[in-house]
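Biologist: Could you bring up the model so that we can go through it together?

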Amino acid sequence: MKIKDFYSKFSTIEDESEKLRFIVLNLLVFSLPFPIFYSSITMLLLLSLALVSFKLEKLKSISKKTPYFQLIFFISLSGYYLSMNRNEAGFILERQLAILFIPLLIPFVIEL
């Protein structure tokens, strides 16, 4: 996303809580390459902001293709049970939890 696109999207948001959720979502995206500690903190903050503004109407905005994308996580989960080294597999599975949660979280955080 270019800076110009970010500013144009940010300037059209009128609700202050929506702006805060948009900023935290961008922080989450930019913190993913860094250690898991920073990603976990921003994910928990984003989750708490989504729970505060939870509306049942937003469940309909979740794409029908989301389960296909999340199938990657469930394939990894099945590989966990076949793994010889479950400690390492559990750590990798924990890092891939973003594949499961982020597509479900985005419709609750931003207005599409």
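Modeller: What follows is a walk through the fold, the main pocket and a few chosen residues. Please keep in mind that this is a predicted model.

Biologist: Fine, what is the secondary structure, and how many helices and strands are there?

Modeller: The protein has 6 helices and 0 strands, and reading along the sequence gives the pattern α-α-α-α-α-α.

Biologist: And how much of the protein counts as buried?

Modeller: Of its 112 residues, 29% count as buried.

Biologist: Let's move to pockets. What volume does the largest pocket have?

Modeller: The volume of the largest pocket is about 520 Å³. There are 22 residues in its lining, and those closest to the pocket centre are S39, M43, E94, L97 and A98. The elements that contribute two or more residues to this lining are α3 (36-52), α5 (86-95) and α6 (97-109).

Biologist: Which element gives the largest share of the lining?

Modeller: That is α3, which supplies 8 residues to the lining of the largest pocket.

Biologist: What about the lining by class?

Modeller: Sorted by class, the lining of the largest pocket consists of 18 nonpolar, 2 polar and 2 charged residues.

Biologist: You listed L97 by the pocket centre. Where does L97 sit, and which class of exposure does it get?

Modeller: L97 belongs to helix α6, and its relative accessible area is 30%, so it is classed as partly exposed. Its C-alpha atom is 7.3 Å from that of F73, although 24 residues separate L97 and F73 in sequence.

Biologist: Staying in that helix, what about L104?

Modeller: L104 is also placed in α6, and it counts as partly exposed because its relative accessibility is 32%, whereas buried would require under 20%. Between the C-alpha atoms of L104 and P67 the separation is 9.7 Å, with the two residues 37 apart along the chain.

Biologist: Now over to α3. Is A50 buried or exposed there?

Modeller: A50, which lies in helix α3, is buried, because its relative accessible area is 5% and the cut-off for buried is under 20%. A50 and I110 are 60 residues apart along the chain, and their C-alpha atoms are separated by 9.0 Å.

Biologist: And I36, where is that one found?

Modeller: I36 is found in α3 as well, and at 32% relative accessibility it counts as partly exposed. For I36 and E94, the C-alpha separation is 9.5 Å across 58 residues of chain, and E94 is one of the residues closest to the centre of the largest pocket.

Biologist: Changing topic to the surface, which residues make the nonpolar patch?

Modeller: The nonpolar surface patch is made by F34, F37, Y38 and I41, and its area is about 460 Å².

Biologist: Take I41 from that patch, then. Which helix is it in, and why is I41 classed as partly exposed?

Modeller: I41 lies in helix α3, and it is partly exposed because its relative accessible area is 43%, while exposed would need over 50%.

Biologist: So what should I keep in mind about α3?

Modeller: Helix α3 gives the largest share of the lining of the largest pocket, and the residues we looked at in it include A50, which is buried, and I41, which is partly exposed and takes part in the nonpolar surface patch.

How values were computed
Residues numbered from 1 in each chain as written. Predicted model: local features only at pLDDT ≥ 70, side-chain atom pairs only at ≥ 80, totals over all residues. Heavy atoms only, no water. 1 Å grid on protein atoms, 1.4 Å probe; cavity = no way out; pocket = protein on both sides within 12 Å on 5 of 7 lines; lining within 4 Å. Points joined across faces, edges and corners; volume = space filled by probe spheres on them. Helix = DSSP H or I, 4+ residues; strand = E, 2+ residues; numbered from the N terminus. Nonpolar A, V, L, I, M, F, W, Y, C, P; charged D, E, K, R; others polar. Patch = residues over 30% accessible without salt bridge, like charges linked within 9 Å, V, L, I, M, F, W, Y side chains within 5 Å. Areas by Shrake-Rupley, 256 points an atom, 1.4 Å probe, with all protein chains shown as cover. Salt bridge = Lys/Arg side-chain N within 4 Å of Asp/Glu carboxyl O. Buried < 20%, exposed > 50% of the residue type's maximum accessible area, 1.4 Å probe, protein only.
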